[in-house]
Amino acid sequence: MPDITPFSMLFWVSIFSWASVTIWLYLVFLRGGIKHPYWLIGQRLEAESQNKASNHADTAAIGSWPPVVAIVPARDEADVIGPAITSLLSQDYPGRFDIILIDDGSTDDTASTARKAALALGRANRLHVFSAPPKPTDWTGKLWAMEQGLATMKNRGSLKESPFLLFTDADIEHQPGMLTALYTQAETKHLDAVSLMVQLRQEGFWAAILIPAFVYFFRLLYPFSAVNNPEKSAAAAAGGCILVRRTALEAAGGLAAIRSSIIDDCALAKCLKNNGRLWLGLTRSAQSVRPYNGLGGIWSMVTRNAYAQLAYSPWLLMICLVGLIVVFLVPPVALIEGVRTGNTTIALAGGMAWGLMSLTYIPMVYEYRFGLLKMISLPVAAGLYGVMTLDSARRHWQGKGGLWKGRIYPQRRG
């Protein structure tokens with residue numbers, strides 16, 4: 001009979017496996033609310049609604065279409081900026097729509113590639129390209145470029161009258177009806193910001209394992225139903241696509257209020273929700289065209305800001321790693337060990353926890369259209385993200401900060 005005394009490994013595997021079952025019961029039924037648990041995909045916005053009658057009704061209720069300005073920060077984006085600019089200039093938005101591209105010290109042909117895309121469509125007059133001045137030490141690069149876009153807009157004739165701003169990244173390709181859908185959502189729901197988690201590119205083995213899991217973990221940390229509930233304090237946004245009401249941004253202190261934030265989208269959302277209403281959802285009508293070069297490319301993306309997400313706290317890092325182990329890694333270990341040793345109780349706990357975990361992953365598996373068998377891969381992804389988070393902390397402890405686009409951002413607490 002297997003040894004299950006308090007000093008045996010099986011004893012602790014049993015304790016942690018049942019703890020994992022308890023946690024997963026909470027996550028499945030209560031995280032995000034009973035009616036809208038975090039793992040169900042209920043909040044989404046598409047350029048073309050399946051219910052076209054409802055879509056037309058919402059559109060017809062809008063009396064006017066105000067001018068909108070998109071601000072696109074770009075640094076060394078020549079390989080992806082063309083499709084992004086083309087998609088923005090191809091929007092079928094009924095009102096005036098201009099794009100301000102801020103070239104943030106690129107060393108490639110980012111600016112000229114963007115201009116060529118505009119010329120090819122015959123809409124060069126809608127694209128305004130400017131170079132950002134040198135970045136102050138207390139600003140992150142992306143936010144500084146976005147701030148220069150705002151400053152440019154305020155000094156450019158009709159552009160300064162735009163009541164809505166679209167912050168979008170240089171690697172995002174939007175379907176033609178995306179801006180109309182964003183504005184309709186904001187206006188009919190009386191929102192100050194509408195943000196979409198776009199479809200991320202998942203070519204290759206590691207991207208297929210890690211990218212859907214990345215979105216899953218984001219929704220676990222920030223349940224969309226809680227973000228969209230004005231009575232809840234949860235606030236988050238996805239930086240690739242945010243439509244913001246200009247007066248709300250100014251009331252929140254502008255971008256200067258978050259100028260040193262590495263995780264700028266969630267910092268912006270927090271400021272906006274203090275005095276307004278947010279909406280965050282998924283979409284398939286906007287996609288990132290940026291390729292991830294194997295495991296190394298994803299590793300660089302995560303280590304840039306993972307420790308910042310934990311407020312540079314060693315205690316939060318420890319809690320995060322222990323949580324990942326107990327919640328995601330213990331279940332498969334318990335199942336395998338229970339079967340190996342013939343301990344039905346441990347095997348049952350491990351199987352229950354892993355089953356509940358896989359159940360919550362099914363909607364994301366469907367969202368990214370890969371085989372259902374990959375739903376059991378979540379423990380692998382969780383383990384890798386745990387190691388990446390630890391590596392992100394190591395980089396900060398060594399004074400290397402978050403490296404991105406040739407810049408190293410120093411550690412800042414708070």
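**View 1. A nonpolar patch on the surface.** A patch, for nonpolar side chains, is a group of residues with over 30% relative accessible area and no salt bridge, joined within 5 Å. Keep in mind as you look around that this is a predicted model. Here the patch brings together L25, Y26, F29, L30 and I34, and their accessible area adds up to about 530 Å². Take L30 as your landmark: look for it in the loop between α1 (9–29) and α2 (52–60). L30 has 44% relative accessibility, so it counts as partly exposed.

**View 2. Strand β4 and its two partners.** Where do you find β4 in the chain? It covers residues 164–168. All 5 of its 5 residues are buried, so the strand is largely enclosed by the rest of the structure. Follow the side chains and you'll see F164, L166 and T168 pointing one way, with L165 and F167 pointing the other way. Whichever way they point, all of them are buried.

Now check out the neighbours. Strand β1 (residues 68–74) pairs with β4 in the parallel sense, over 4 bridges. To spot one of these contacts, find V68, whose bridge partner in β4 is F164. Strand β7 (residues 241–245) runs antiparallel to β4, and 5 bridges join the two. Here you can look for L166, which has L243 as its bridge partner in β7.

**View 3. A salt bridge between distant parts of the chain.** Side chains of opposite charge can pair when their charged atoms come close. In this view, D264 and K142 form a salt bridge, and their closest N and O atoms are 3.6 Å apart. The two residues sit 122 residues apart: D264 belongs to helix α10 (residues 264–273) and K142 to helix α5 (residues 141–154), so the pair links distant parts of the chain. Are the two partners buried or exposed? D264 counts as buried because its relative accessibility is 12%, under the 20% cut-off. K142, on the other hand, is partly exposed, with a relative accessible area of 25%.

**View 4. A salt bridge within helix α9.** This time both partners, R246 and E250, lie in one helix, α9 (residues 246–251). They are 4 residues apart, which is about one turn of the helix. Their salt bridge has its closest N and O atoms 3.4 Å apart. R246 is buried, at 14% relative accessibility, while E250 is partly exposed at 45%.

**View 5. Helix α12, from P314 to R340.** Helix α12 takes in residues 314–341. Toward one end, look for R340 and E337, whose side chains meet in a salt bridge, N to O, at 2.5 Å. Because they are 3 residues apart in the helix, about one helical turn separates them. R340 counts as exposed, with 59% relative accessibility. P314 also has its place in α12, and P314 is partly exposed at 42% relative accessibility. How many residues lie between P314 and L390 along the chain, counted as their separation? They are 76 residues apart, and their C-alpha atoms are separated by 10.0 Å.

**View 6. A network of salt bridges.** Which residues are linked in this network? Look for R44, E46, R284 and E367. Across the whole structure, there are 16 salt bridges to hunt for.

Technical notes:
Residues are numbered from 1 along each chain as its sequence is written. This is a predicted model: local features need pLDDT of at least 70, side-chain atom pairs count only at pLDDT 80 or more; totals for chains, interfaces and linings use all residues. Side-chain values use heavy atoms; hydrogens and water are left out. A salt bridge is a side-chain nitrogen of Lys or Arg within 4 Å of a carboxyl oxygen of Asp or Glu. Buried means under 20% relative accessible area, exposed over 50%, partly exposed in between (1.4 Å probe, protein chains only). Patches are made of residues with over 30% relative accessible area and no salt bridge: like charges are joined within 9 Å, nonpolar side chains (Val, Leu, Ile, Met, Phe, Trp, Tyr) within 5 Å. Accessible areas come from the Shrake-Rupley method with a 1.4 Å probe; for residues, only the protein chains shown count as cover. Two strands pair if DSSP finds at least two bridges between them.
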